[in-house]
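User: Please take a close look at the salt bridges in this model. I would like the pairs, their distances and how exposed the partners are.

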Amino acid sequence: MTPDKSISNGLITRLWALIKKFYADVALPMVQRPRQLQTAALCYRATDEGRQVLLITSLDSGRWIIPKGWLMRDKNASEAAVVEAWEEAGVRPGRISRQPVGSYVYDKIKSSGLPVTVETLVFAVEVRVLEDSFPEAGQRERRWLDPAEAAERVREPGLRQILLEFEADTRRAR
């Protein structure tokens with residue numbers, strides 16, 4: 001290879017690296033849609049054996065999730081989480097965390113078939129009463145589990161981590 005060709009190849013390599021960096025750091029963030037925001041309820045109860053959390057099945061695939069949904073006009077995020085807990089699981093709340101106990105990100109598949117990245121804020125909701133008659137009764141299955149077992153059943157890694165941390169907090173509180 002001649003000296004001119006090796007200099008030329010080096011310049012092309014460096015230029016290509018700069019173009020890729022510009023695309024990743026500047027161009028791509030300008031055209032990507034921002035994450036959408038949901039709110040979720042980590043519903044729990046105290047038992048003699050420790051805390052249990054409530055999982056429900058999703059309407060579309062039947063996978064195990066916690067009650068969640070979109071933010072609502074005239075409600076803050078924790079209030080919206082409580083509404084979702086009622087509609088999807090029949091939860092009448094006791095204590096509600098005002099700050100999220102965590103958040104996780106997942107890709108929601110919209111009706112168009114396209115994925116949308118969603119960040120979900122998770123609020124702890126103590127279950128005072130679990131009603132049998134609620135808006136989505138008969139459409140979902142509900143199950144009480146210890147947090148570690150619940151973590152094994154959910155698909156989203158971030159939610160799994162929140163459940164495991166909730167389990168660790170439960171053990172520290174004993």
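Analyst: The salt bridges are taken pair by pair below. This is a predicted model, in which local features need pLDDT of at least 70 and side-chain atom pairs count only at pLDDT 80 or more, while totals for chains, interfaces and linings use all residues. Residues are numbered from 1 along each chain as its sequence is written, and side-chain values use heavy atoms, with hydrogens and water left out.

A salt bridge here is a side-chain nitrogen of Lys or Arg within 4 Å of a carboxyl oxygen of Asp or Glu. The count by this rule is nine salt bridges.

One of them joins the side chains of Arg95 and Glu126, with an N to O distance of 3.2 Å. This pair links distant parts of the chain, since Arg95 is in strand 5 (residues 91–96) and Glu126 is in strand 7 (residues 115–130), 31 residues apart. Strands (E, at least two residues) are DSSP runs numbered from the N terminus. Accessibility is classed as buried under 20% relative accessible area, exposed over 50% and partly exposed in between (1.4 Å probe, protein chains only). Arg95 is exposed at 57%, and Glu126 is partly exposed at 22%.

A salt bridge also forms between Asp132 and Arg142, whose closest N and O atoms are 3.4 Å apart. Asp132 lies in the loop between strand 7 and strand 8 (142–145) and Arg142 in strand 8, so the pair ties together parts 10 residues apart in sequence. Asp132 is exposed at 64%; Arg142 is partly exposed at 25%.

In the pair Glu141 and Arg143, the closest N and O atoms are 2.2 Å apart. Glu141 is partly exposed at 36%, as is Arg143 at 30%. Elsewhere, Asp60, Arg63 and Glu156 are joined into one network by salt bridges that share partners.

Terms used: Helices (H or I, at least four residues) and strands (E, at least two) are DSSP runs, numbered from the N terminus.
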